[in-house]
Amino acid sequence: MGSISRGVTVGNNQNAVVNSELDLQITGKLNDKVSIRASIQDANLPSQEGGYSQSLNEFDQIFIEIFSDNWNIRAGDVDLINNKSYFGNFTKKVQGISLGGTIHHDSGAKTDVYAAGALVRGVFSKSDFVGQEGNQGPYKLVGPNGELFILIVSGSERVYVNGLLLTRGVNEDYIIDYNAGEIKFNPTYPITANMRIRVEYQFTDRNYTRFIAYGGGNYSSDKLDLGVYIYSESDAKNQPLQQNLSEEQVDILQAAGDDKSLMVAPSAVPDTYSENKILYKKEIIEGVEAFVFSANPEDELFNVRFTLVGEGLGNYILSDVNAINRIFEYVAPQAGVLLGNYEPIIQLVAPTKIQIGGVNGAFHPSEKTNIAFEVAGSKNDLNLFSDIDNGNNDGFALKVGAEQSILKPSGNRNLEAIASIDYINKDFRTIERLYNVEFDRDWNFTPTTTNLGNQLYAIGGLQYSDSLWGSFRYEFQTRNLSEINDSLDYNGNRHVFSAQLHRGKFNLYTNGSFLKSEATEADSKFSRMNNVATYSFNKAWIGGKYSFENNEVRVLANDSLTPISQKFNAYEAFTGIGDSTKVFAEFGYRYRVNDSIRNAVLAKVSTSNDYYLKSRIVNTSTSKLSLFANYRVLKGTDSIDVEEKSLNSRLLYNQSFLKNGIRINTAIETNNGVLPQQEFTYVKVAPGEGIYTWNDYNNNGIQELEEFEIAQFQDEAEYVRILLPNQIFVKVSQTKFSQTLTLNPQQWSTRTDFRKTLSHFYNQTSFLIDKKVKRDNDVFIVNPFEEGENELASVSNFRNALFFNRGKQKFTTTYTFLTSSNRNFLSIGLVEVKLKSHQLNFNHKIWTNWLLNLRGALGENKSLTENFENRNYTLETSEINPKISYLLNNQTRFDVYYQFLQKENRIGSLEQLDQQKIGVSFAYSNAQKISLNGEFNYIDNAFKGNAFSPVAYQILEGLQPGVNLTWRFLLQKKITKFLDLNLSYLGRKSKTSNVIHTGSMQLRAYF
């Protein structure tokens, strides 16, 4: 089932635009053994779903799959996963084809074979950063080359904090904006400066067309498993996408080898004038040829890209001109000192290739013994244009492991011995991360390059489990890195243990490690332990936690501690009551002491106190109440240190009374974070596919940010707003309160007393306030109604709708009161919009065929911009709109209406509008065959003021002073059972313009 549509829009005020949509879902059987399923969704404007929930549905997802019990073929969007390999594990979202099958042998063994070829949707990358005290985010993710703008493939991210994997979702740990590349942690997961955060993700790399080829097979029997795999991911160097490489740029890449610092080239290329481009001309300034912005079509123009090189390292600065794209300005050096931070250069990106293949297997002659191995080789070329530095492209790796059950006297006890050894050549590369996210920290080794030398990593240990007492595990690990460079080697030994003990109502979990390492330049000792003990009563529990770390890294040359050295002790006590899956409450207290380097020794630098409450107090079919709160105080030991305080809280309350006659929904949140100073630009698209239109109010030919308006007519909607990467973040304290109250006494409609009268009414009230206030140290807000001078952004909405005879046509009356305020923190300054309105709507059916509608409204619309005075206004509006409709039958309706609208600007140029509109409309609908509707409006605008200004555009809503005519017509025709035709026509005319016609035709097929 599904549909496909093709359409065209034409008009005398725009070029022809072709649009298409496809929505197809297929599920079924081709025969008794073969099935098919497909999902094909495509539209003109693909987008990604935001990461606010645990599960995501991909937009524009395309795949078709044919399968049986023993084989399958899938084409389109494919998730490639290899989790059966040690060195070759990966997860990739690609677009291509994959196929696989299973062969069953008479002996009971089976062979799986698979192959795939595809275009890469995303390239694996990671961002590592340390949490900021009391800052829930958003945190900006950057690309591997420092790219500020990265588009993350939806659903590809994995977020770790101190090595623990978090869960995405508004009611879980974090949410993520895939399009902006920003992650924000929920109030229920407080962030501190002690948290190490890693985000792994795939981002869209549009430098070159990139291909993946993957294939292999696995054989498995009772005693033997064998597998082979090969993986290749390579850029097509002759198919650049975002880069349009010239011969000179290719020569630069050929001479650069693997050194990215040498992959830099001049960025200026000749170009032709366009009002949608920022172009430059060359001028001699103080004897130096420089680029100067120009909007003159007669100049010799260049398209120039500027790269941020650092303060005092460039000759150009960002101009203050508010054009839709950044304009750069040359500043001459003073006394030989550079005063800029940008240069007209471009960082070239070289095409790369990684290939890896391997053989693995496992031999298990009995239930007590298992031996496994894997051998792999890799080829990693960081510049396919150059043969320089290719001597380190090839590498290999080996792993051997064994597990042996030593003692198993009964089904309740088991003693196992484990051993493994990895050898990884210094030039071997994996597709994604090989070890756990904190592997290098576990070994006190922070690599500064990708060359870690030859690695030998061995593990030996014992694991004992007892169903009555619990389990214990001990490992001895050793890691040796040699030939890292000419002067550095590393050797470390690590003892790791963990135990999980339970006896009756008492539970104890502990894990710890001790590392001693020696390197050419420094030695280290690193010990740590985590302990959790709980004791359960009938409906309650108490517990405690204790953890510590002591990490000392000493430089051999002078026997001094390095800044990496640190120490902490953390204590926690908690108690709770109830059932954690239903109704419960838990209160706890944490205390932590942090030591760092002071005067060349480890000394106490700060302490922190945390008080927290986690609860689900009410959980019934009609009521739900949950509360989370975490109050934290961080205090430094120096007398000049200021206490840093943070409060995270979330309260959710849902209640229904009187069989849903009264419904209440409440949510309150507080947390600290940062607010991005949002930058944006506008990009031209096909007419009708945008949202904004450009009016050159000052006639300078430059598209400036304050000259774009939301288009009132389809043919003018030629621009979309694109958010630019956020670079400036301001600390804020945030509070959010939302409340809805619904009164629905409809259940009393069968009563005969006063309650029957009440049953005719329905009322819904909603209120939302979301406020962000600039934060200094421990300042945070709990009261969302508190007024403050440092408010940077806020959203406030109140709406009340009172209905009488809701959904009927007998004296149906609706009164709506709405007030809203929206303040945004933008790069162009603070922008605030306030709305207030009273609306009354009355409907009544007269006799059988006449319907009377009366609508009146009073309102106020305020706009305040910090830096653009011409966009400030306070509009007071009043409106009355009577309409009478004749219902010829159930299918046909005719309307005649009149509207008087008055708008008056109380500030600035005091613009004023008195508008009278007379209109007629009709509608005919036969659901089985045809649907017609249309209208014609005569609009007389008596306007005072400058008609070509931002305020006038808002008042006139895109029309002109004087008489305006508008009309529209829509036809929907069912041609066949499976084919629809849609025709639409829009037109308008004013005294100052010719007639503007816009028409579109669309065919939609159903199947």
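## A buried charged pair

Let's start with two charged residues: both Glu233 and Lys92 are buried. This is a predicted model, and in it the side chains of Glu233 and Lys92 form a salt bridge, with 3.5 Å from N to O. Glu233 belongs to strand E16 and Lys92 to strand E6, so their pairing ties together parts that sit 141 residues apart in sequence.

Lys92 also turns up beside another residue. Setting aside neighbours within four places in sequence, Tyr231 is in contact with Lys92, and its other contacts include Phe90, Ile212, Tyr214, Ile354, Ile356 and Ile431.

## The largest nonpolar core

Tyr231 brings us to the largest nonpolar core, which has 30 residues. Tyr231 is one of the members that touch the most others, along with Leu80, Phe87, Ile212, Ile424, Phe428 and Tyr490. Which elements give two or more residues to this core? They are strands E5 (71-82), E6 (90-104), E7 (110-120), E15 (208-220), E16 (224-240), E31 (454-466) and E34 (506-519). E7 gives the most, with 3 residues.

Apart from this core lies another one, made of 21 residues, and Val123, Phe129, Val161 and Ile191 are among them. As background, nonpolar side chains in soluble globular proteins tend to be buried together.

## More salt bridges

Back to the charged side chains. How many salt bridges are there? The count comes to 48. In general, side chains of opposite charge can pair when their charged atoms come close.

Take Asp271 and Lys277, whose side chains meet in a salt bridge at 3.1 Å, N to O. Are these two buried or partly exposed? Asp271 has a relative accessible area of 22%, so it counts as partly exposed. Lys277 is partly exposed too, because its relative accessibility is 34%.

Asp895 and Arg893 make another salt bridge, again with 3.1 Å from N to O. Here the partners fall into two classes: Asp895 is buried because its relative accessible area is 8%, while Arg893, at 28% relative accessibility, is partly exposed. For reference, buried means under 20% relative accessible area.

## A charged network

Some salt bridges share partners. Which residues do they join into one network? Asp128, Arg158, Arg198, Glu200, Glu432 and Arg433 are linked in this way.

Key
Residues are numbered from 1 along each chain as its sequence is written. This is a predicted model: local features need pLDDT of at least 70, side-chain atom pairs count only at pLDDT 80 or more; totals for chains, interfaces and linings use all residues. Side-chain values use heavy atoms; hydrogens and water are left out. A nonpolar core is a set of buried Ala, Val, Leu, Ile, Met, Phe, Trp, Tyr and Cys residues joined through side-chain atoms within 4.5 Å. Buried means under 20% relative accessible area, exposed over 50%, partly exposed in between (1.4 Å probe, protein chains only). Helices (H or I, at least four residues) and strands (E, at least two) are DSSP runs, numbered from the N terminus. Contact means heavy atoms within 4.5 Å. A salt bridge is a side-chain nitrogen of Lys or Arg within 4 Å of a carboxyl oxygen of Asp or Glu.
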